[in-house]
Amino acid sequence: MSVLVFTESEGGAFKKIAHEAVSYAKGIADMMGTSVTAIAINANNSNELGNFGASKVLEVSNNDLNTFNAEAYADIITQAAKAEGAEVVIVTSSANGKFIAPLIAVNLEAGYVPNVTELPKSSAPFIVKHSVYTNKAFSMTEINTTAKVVGLAKNAYGVKENATDITNETFTPAINVGGVEVVSVDKATDKVTIADAEVVVSGGRGLKGPENWHLIEDLATTLGAATACSKPVSDMGWRPHSEHVGQTGKPVASTLYIAIGISGAIQHLAGINSSKVKVVINNDAEAPFFKAADYGIVGDAFEVVPQLTEKLKAFKAQNA
């Protein structure tokens with residue numbers, strides 16, 4: 001009666017959120033007096049999941065699954081849950097996780113709660129705390145179905161090492177790719193992705209034009225951060241839509257979010273509200289972002305950002 005956790009990977013490598021999901025699954029398994037079974041699809045080095053509490057890994061290898069397919073992935077995870085007799089299935093609240101979790105819940109006739117931020121308050125009844133209203137409030141929800149699907153919010157629980165003896169098993173489910181056809185996938189291979197970044201540096205219309213985006217990129221490179229932008233910036237074609245963050249773009253739950261020249265529209269703030277520390281640089285002291293930020297600098301981005309970047313470079317050089 002193990003806890004099953006889906007471990008996301010890309011290019012064969014597990015994402016940080018996979019380690020966090022396994023850590024969280026281990027916490028639930030300890031509460032329930034059971035163990036953690038992870039399912040890994042086209043991933044390498046599954047043994048590393050044992051560092052975070054997985055006792056078993058079901059390894060699925062199939063070239064048809066190299067590109068994410070929600071229907072196929074959900075079906076495979078459902079088959080694994082039934083084979084293992086898992087009453088609790090853990091996914092993350094990533095974009096992929098939110099695609100597959102409702103499908104898994106329907107397949108298993110399970111209750112599903114996304115954006116969970118903590119271990120359950122109790123396992124019987126099974127009560128979880130999760131964020132609601134675009135992270136403006138929390139709700140305590142009881143899942144009273146036999147099977148349960150939990151979507152863990154990014155950076156909510158953290159990665160916790162808990163070395164466990166692990167066994168690996170080849171899992172060969174029936175694979176149905178459904179009616180979805182992936183024509184092409186474009187990826188930025190030389191940059192930190194927004195989904196995986198601990199630090200995100202984001203720019204808005206205050207940068208005045210795409211020719212000034214080197215300010216964002218230089219600071220991001222110095223911090224090892226991902227670059228992002230507000231909706232107006234992507235709408236005007238200054239930056240690709242893949243960098244648009246906010247409620248209508250990509251949600252961000254980074255450890256540090258730096259907003260430069262972004263006033264702070266409601267939709268933008270809703271999409272980045274899960275970030276732990278928010279910093280704003282803007283020459284308008286009345287910009288709404290200052291009310292949401294943990295730290296703020298009122299000043300001209302063209303003066304502040306280069307100085308900040310140089311100071312950070314000097315700091316890194318001294319501590320190298």
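## The second largest pocket

In this predicted model, several elements help to build the wall of the second largest pocket. Helices α5 (231–235), α6 (266–272) and α8 (301–318), together with strand β16 (277–282), each supply at least two residues of its lining. The volume of this pocket is about 410 Å³. Of the 27 residues that line the second largest pocket, G204, R205, G261, I262 and S263 are the closest to its centre.

What kinds of residues make up this lining? The lining divides into 15 polar residues, seven nonpolar ones and five charged ones.

## Salt bridges

Now let's turn to charged side chains that meet. The model has eleven salt bridges. One of them joins K16 and E198, with a distance of 2.2 Å from N to O. K16 belongs to helix α1 (residues 16–32), while E198 sits in the loop between β12 and β13 (199–203), so this pair ties together parts that are 182 residues apart in sequence. How open are these two partners? K16 has a relative accessible area of 36%, so it is partly exposed. E198 is also partly exposed, because its value is 29%.

K15 makes a salt bridge too, with E8, at 3.6 Å from N to O. Are K15 and E8 buried or exposed? Both are buried.

Another pair is E118 and K121, whose side chains meet at 2.9 Å, again taken from N to O. E118 is partly exposed, as its relative accessible area is 26%. Salt bridges can also link up into a network, and here K56, E84 and E169 do just that.

## A buried lysine without a salt bridge

K148 is found in strand β11 (residues 148–152). This residue is buried, yet it has no salt bridge. Which side chain of opposite charge is nearest to K148? That is E87, 4.7 Å away. A salt bridge needs a nitrogen and a carboxyl oxygen within 4 Å, so the distance between K148 and E87 does not qualify. The side chain of K148 does reach the backbone oxygen of T146, at 3.1 Å.

## N168 in strand β12

Our last stop is N168, a residue of strand β12 (residues 167–170). With a relative accessibility of 34%, N168 counts as partly exposed. Along the chain, N168 and P102 are 66 residues apart, and in space their C-alpha atoms are separated by 27 Å.

Key. Residues are numbered from 1 along each chain as its sequence is written. This is a predicted model: local features need pLDDT of at least 70, side-chain atom pairs count only at pLDDT 80 or more; totals for chains, interfaces and linings use all residues. Side-chain values use heavy atoms; hydrogens and water are left out. On a 1 Å grid over the protein atoms alone, a cavity is a set of points where a 1.4 Å probe fits but cannot get out, and a pocket is an open set with protein on both sides within 12 Å along at least five of seven lines; lining residues have an atom within 4 Å of a point. Grid points are joined across faces, edges and corners, and a volume is the space filled by probe spheres set on the points. Helices (H or I, at least four residues) and strands (E, at least two) are DSSP runs, numbered from the N terminus. Ala, Val, Leu, Ile, Met, Phe, Trp, Tyr, Cys and Pro count as nonpolar, Asp, Glu, Lys and Arg as charged, and the others, Gly among them, as polar. Buried means under 20% relative accessible area, exposed over 50%, partly exposed in between (1.4 Å probe, protein chains only). Lys and Arg count as positive and Asp and Glu as negative; His and the chain ends are not counted. A polar contact is a pair of N or O atoms within 3.5 Å; within protein, one must be able to donate a hydrogen and the other to accept it, and residues adjacent in sequence count only if both atoms are side-chain atoms.
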